[in-house]
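Reader: I have a chain open on my screen and would like to understand how its helices are arranged. Could you guide me through it?

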Amino acid sequence: MNDDFGGASLNATQNPLKFAWLEVTGLCNEFCDHCYADSSPKGTNGAMTVHDWKRVIDELADLGTLDVQFIGGEPTLYPHLGELIRHVHAAGLSVEVFSNLTYVREELWRTFTDCGVKLATSYYSDTPEDHDKVTNLRGSHRRTRANIEKALNLRIPLRGGVVTVRPGQRAQEAAQDLLSLGVEEVGGDRTRAFGRGSRGAAPTIADLCGHCAHEKCAIGPNGDVWPCVLGRFLSMGNVREAPIAEIWSGTRMSAILADIKDVHGDGAQSCTPPQFLPMCGPCSPCVPSVQHCDPSEADSTTAADTIGTPA
């Protein structure tokens, strides 16, 4: 990355901040080997307070942000999730919660329906044994599947993502199981070289899809602002120290965006991982360390083409 952050600040009107991941916790009841966030039962809620999150949500609304997605860790384990969802809803933003759906309190279901929340979840197999081997949590398949059914019965919009993690995994069968339950949008993905999924390798810009910091950012439990959930090794600033508008139009943001463009070029802006963004269709790109990511193939490569295909 450029050492000097000189040069003109990025004009926020040329790159509006339309979407933000809000990573409210690093705590997760599962311990998936491929977790890009390295979340686990040992994770914490970080330094961000409820007041901090509400202030950031108001700042995002003032910037014209359209959508936020609550992530973790496992966001349903965050004790103030319902309060923050209602605050986002009152601010006029659309809300999605990316959850493993193993632990949903009854009051959260009410909040989901009251606030028009959309849900997204990861699903690894049609069999409990296969799924639970990935999550390292016994009974996770049973609880996730039951809550998928509950969400659909409550008419809560839900999309599923099947991540191919291990050889012989019943990924294609998992996708078919989701479709049979009534999940209309099912995407596919592979392990990405970040967090525990990197197997100790240092993250690089080359392993990103190239769409990072383009109309989106992620905010972590300690207030750090990243160009995306995978690009947490590229800090653009901290919302506990500066307003998000100042960070988004700042020179550090401009330098990171330039570095990403230098590696990926302009064409990568057309390619976005479907596993994380609610506004994107399933194109299933692969990071270079796994296979390849060719934005020109984004329209022709579908989830059905890639689910269950070995990396």
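Author: The following exchange goes through the chain as a whole and then some of its helices.

Author: This is a predicted model, in which local features need pLDDT of at least 70 and side-chain atom pairs count only at pLDDT 80 or more, while totals for chains, interfaces and linings use all residues. Residues are numbered from 1 along each chain as its sequence is written, and side-chain values use heavy atoms, with hydrogens and water left out.

Reader: How many helices and strands are there in the protein chain?

Author: There are nine helices and nine strands. Both are DSSP runs numbered from the N terminus: helices are H or I with at least four residues, strands are E with at least two.

Reader: What share of the residues is buried?

Author: Of the 311 residues, 55% are buried. Buried means under 20% relative accessible area, exposed over 50%, and partly exposed in between, with a 1.4 Å probe and protein chains only.

Reader: Which residues of helix α6 are buried?

Author: In α6, residues 171-181, they are A171, A174, A175, D177, L178 and L181. Seen down the axis of α6, they fall within an arc of 160°, so they line one face of the helix. The arc is that of the directions from the helix axis to the C-beta atoms.

Reader: Why would residues share a side like that?

Author: An α-helix has 3.6 residues a turn, so residues three or four places apart point the same way.

Reader: Now to packing: at what angle do α1 and α2 pack?

Author: Helix α1 (residues 50-63) and helix α2 (residues 81-90) pack at about 20°, with axes 10 Å apart. Axes are lines fitted to C-alpha atoms, for helices over the stretch in contact, and angles run from 0 to 180 degrees between N-to-C directions. That makes α1 roughly parallel to α2. Angles under 35 degrees count as roughly parallel, over 145 as roughly antiparallel, 65 to 115 as roughly perpendicular and the rest as oblique.

Reader: Which residues make the contact?

Author: V50, W53, K54, I57 and D58 of α1 meet E83, L84, H87 and V88 of α2, where contact means heavy atoms within 4.5 Å.

Reader: And how do α4 and α5 pack?

Author: Helix α4 (residues 128-135) and helix α5 (residues 140-153) pack at about 105°, their axes 8 Å apart. That makes α4 roughly perpendicular to α5. P128, H131, D132 and T135 of α4 contact S140, H141 and T144 of α5.

Reader: Lastly, where is K261?

Author: K261 is found in helix α8, residues 251-264, and is partly exposed at 46% relative accessible area.
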